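User: Please take a close look at one part of this structure, the open sheet in the second chain. Set it against a short account of the first chain.

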Amino acid sequence: MVEKRTADVIIIGGGIMGCATAYRLAKQGVDVLVLEKKEIGNGGSCRNAGGVRQSARDPKELPLAMYAVANIWPQLSDELGVDVEYHQGGNLRLGLTEKDQQVLTTYVKKSTDVGLDVKMISGDEARELCPYMSKAVVGASWCPTDGHANPLTTTLGFYRKALELGVTFVTGVTVLKLQKVRGMVRKVVTDDGIYEAENVLLCAGYESRRIANTVGIDAPIEKQFNEVLVTEAQPKMFDIMIGVAGGEFYGHQSEHGSFVLGGNSGLQAFTSHNDNFVTNSLTTPCISRGIIKYFPMLKDVKIVRTWSGFYDQCIDVLPLIDNVKEVPGLTVGFGFSGHGFGIAPAVSIALSELILKGKSTTIDISQLTYDRFKTKS
Amino acid sequence: MRRHELIVIGAGPAGLSAAIEAKKAGMDVVVFDENERPGGQLFKQIHKFFGSREHHAKVRGFRIGQELLQEAESLGVDVKLNSVVMGIYENKEVTVKKDNAVNHYKADAIIIATGAAENMLPFKGWDIPGVIGAGAAQTMMNIQGVQPGSKVLMVGSGNVGLVVSFQLLQAGCEIVGIIDAAPRVGGYGVHAAKVARTGVPFYLSHTIVEAKGTDCVTGAVIAQVDDRFQPIPGTEKELSVDTICVAVGLTPMAQLASNATCDIALLPQKGGHVALLSKCGETSVEGIYCAGDVAGIEEASSAMIQGRSVATYVCLKAGYLSEEEFQEKYDRYQAALGQLRQGMFSPENKGRNDFTVTDEGYPVSSNLLAHGYMTEDELDNFPAYTYKKAGVHPVIECTQNIPCNPCQDSCKVGCIKVGENITMLPAIDEEKKCVGCGMCVASCSGQAIFLVDETYGEGYATVAFPYEFIPVPQVGDQGTALDRQGKPVCAADIVEVKKSSVMDKTVVVTMKVPLAFVNSARFYKAGGQRG
Amino acid sequence: MIKVIRVAKIEPFIEKEDDGMIICRCEEITKGEIRRAVYEGMRTINEVKRYLRAGMGLCQGQTCQRLVQNIMAQELKTKPSELGMIQGRAPARPVEIDIFSNNITDVKEG
Amino acid sequence: MRIIQHPILGEYEKGEKVHFTLDGEDMTGFEGEAIAAALKAAGIMIHRYTVKEHKPRGLFCAIGRCTDCVMIVNGQSNVRTCITPLEEGMIVQTQYGVEAQEVWEANNK
């Protein structure tokens, strides 16, 4: 068999964006090749806490979240033939202090302004929704339509479905640069030689900037480090996605029963390692202290592992989802800034439309252009 | 945060040895171990070790553990027990859980000596209670003092399977059989022989098909396998057992090395995933080292030397040893390691099964490999399997090149010669007169030496053999002599029972048997048909 | 990472007699589930882990990693060394949230 | 069964005799020995039932690694009984999934 080196579309990055878009394109009969440096979903796609939320999102990307929650997530398990463990149990953002309450109130106002069903509730109302939390919680924001899902099965489910529809994935191949031919992007130069396509979709997380730079495109993106802890399985307690105004932790109880809780020691931005997915000795204790403040009854639950990952933080904490006009044939989808998972099923629709129709017709992504940072000239 | 010059993770043979070596040189060292007691797996090893004197040969594993502990204690090595190392972070930071607190430590150097974990073999019903690891059996009987079961099937004929089978017998359990998918016994022939002579059947080229039972094991179905290790239909056989003990090798526990971002590779010769090491034992992360089974599966004897060897390099780097001092020690340890790494079972020969002759050119016994015991005509090929016209003399049924020579050291009159190369087979010096002291019988870690006297008189001979069970036969007892596969061969009268502290619980029992059975009687059981 | 070209399998998945055998004891993942995951495209031990939870339970893959690896290697007709490995992660043993949180960075004992 | 006398080890050093309960039944063992050892000595094979298939599990590795022998000890689930020392008055329960029997039964009706 001759090795596949060309395709209609080459997707750089085998994360959830790449896999989901490959799936959507293949469904429409497009010949797709996905190039991945490591394993499928090895980046932020499998290294996140599984939030599927609309609340606390910037209005500019809210259409993606609302579309995904309304139209895709509820049927996704059936569509992919894999249990993505989607639960629409709502999202509580908890406050302990007066200051927290102010933060939450401001954010609720912003969200309701763009039409999201979010409201402030009292501590007691919050405890009614989730009886396991501390009396110290004085108030919360509540978004009943938010939820969570399993990032691992979702990402690999999209991958499996794409594979089934005829997409070729080549893993263990690093993209070195892009090359234009006759004014169009065409060649993808890798450590395994050259691959060619009519269209190239760049959705390689924090690696995207380096690759985009090779055709003169830049975006203010940097690697951001984050950590998550996972506990042993517990009896089912709640389905609600939890966040806290103080930012100590966030996460949910998974279908498996384990708690998947992320957080921060405040030192993350200054991590000294750039390539290793290692955890910091101070982060898990910080997250743990946060958990106990809000959920004291979880104190005896055992942590079985901790993990870390990097995401592609954009300066305005919003993704770039666009066709690159300067480099015809190149489409980008990166800069998801740590909250791409929940919107990925919708992003893939936008990306596939950008590639096939030249514009996103189903969902409004007009605020997420690739060139929004350039100076007025 | 407390900082130490050296943190050693694991107080097993490698870790303790490393800490002792570093402490001796003057380093500030602390050892963490998650267990309640130190010594790693040494305290489960109640058999006598192989090697030569410098490797603690003929000393029982748990006593080596006690000796190591004493040495560590007398030097003031700080061994922190019940201390679980949770993770190794950047800049050689180590978090340790002790009691209900987590402490953070830092070190200039870390030696990971976390040892190994048992491999498992999945088969139908392997999750039923009663299927256990061989290590679990050892823990239960040798540490906790509880029988792991009463009727046991041992899966695996490597050294662990053989040694643990013998220990199960010592704990009063019945071994229904030892099976192995390979066509040949995997461990030392002498280990197999001492189990076989008690009557335990070996099923080579057999695999376990199923564990029977719902709430607990009630039986085991075994079957013969073909060349591709697949069960041959129709050869199934059900054994009535309550325990299935799995001994199919060990895997290095390299999780902490991986956690510390050391480069890891899957090296089958080393037994699994291991950190890639320099010749001095350093990982790809500067200042982090591995020693013992975590660096590659070997014997505890090798782990102890490796621990010392790695520690000398750490001492050199920290300025506690000069280049010359280091070189002298390093060369000495490497030479000692080299000795242990010779012979048919050396790490580089791991998995090899194509030996047809010994280093000396004697044909390898096929019965030993197929059934766990040798036949008399096969033994006839070997130099220490001797006959004598008059008087007592040793008969040594040691037929494989393994690194071991306590027999040579034990003989005061110099009857037994192994020579410089400790993997050579022992030979008998006919010029030297055996005094029948029995020290060689008790010192042989493989229990392969017998004292035979064909001229006992009146058509009788005596055979002295090592005995490590209870009750110990008494002089005057009348019972049955068993052959090398544990089959009754003739009546036997106990004429002498020697115990001494230097023999360390190995009793040398002498039985009187008819002369015709002098070459077949190798073990004894009370009672039985006489006549 | 070695290069792997992944395309869908054309031949149907064939069930085997011992597919019901548990491999990951903690998460109760069977041999058949692992074989099917490989058939469906999972090519590294991490992908199988993420797809099925094999190796994600209380013991963190300490018992099954090797077994999963061997089954995968057999299915893919490749060497176990080409399937990657599960990253060792802290904590090496399960530790209570409370104990983690009371984390003392200075050793009190003398 | 306990080994009273061992040919090599002689008698085992044991702590004080202590009482504990298994699923409410009175049991005895020795202080400091592994909970699993006391159970084994009493002939107890089943430590827990699994979550998905509700299959019995018991002692397996005995060194705290495989986590198969976990039970509910003093109300805490997932306690590795093979490495947890027995204490006077311990309340040991067979673990059903991740819960005690009555909770499990209530949740799985």
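**Overall fold and the open sheet**

Analyst: In this predicted model, chain A holds eight helices and 18 strands. Its 377 residues would give a radius of gyration near 21 Å if they formed a compact globule, and the value for chain A is 21 Å, so the two agree. Along the principal axes, the C-alpha atoms of chain A occupy a box of roughly 65 × 45 × 40 Å. Of the 377 residues in chain A, 59% are buried. Contacts in chain A between residues at least 6 apart in sequence are made up, to 72%, of pairs at least 24 apart.

The part asked about lies in chain B. There, an open sheet is built from seven strands, and its order reads E20-E23-E24-E27-E26-E25-E28. The pairing in this chain B sheet is antiparallel. Its edges are strand E20 (392-396) and strand E28 (523-526) of chain B; each has a single partner strand, so one side of each has no neighbour in the sheet. From one strand to the next, the twist averages 40°.

At the E28 edge, the pairing can be followed down to residues. The partner there is strand E25 of chain B, residues 478-482, which pairs with E28(B) in the antiparallel sense over four bridges. One bridge joins B:Gly479 to B:Ala526, the latter in E28(B). Strand E28 of chain B thus combines two features: it is paired with E25(B) over four bridges, and one of its sides is left without a neighbour in the sheet.

Key:
Residues are numbered from 1 along each chain as its sequence is written. Chains are lettered from A and ligands numbered from 1 in the order in which they are written. This is a predicted model: local features need pLDDT of at least 70, side-chain atom pairs count only at pLDDT 80 or more; totals for chains, interfaces and linings use all residues. The radius of gyration is taken over C-alpha atoms; the globule rule is 2.2 Å times the number of residues to the power 0.38. A residue is buried if 20 or more other C-beta atoms lie within 10 Å of its own, exposed if 12 or fewer, and partly exposed in between; C-beta atoms are placed from the backbone. Two residues are in contact if their C-beta atoms, placed from the backbone, lie within 7 Å. Two strands pair if DSSP finds at least two bridges between them. Axes are lines fitted to C-alpha atoms, for helices over the stretch in contact, and angles run from 0 to 180 degrees between N-to-C directions.
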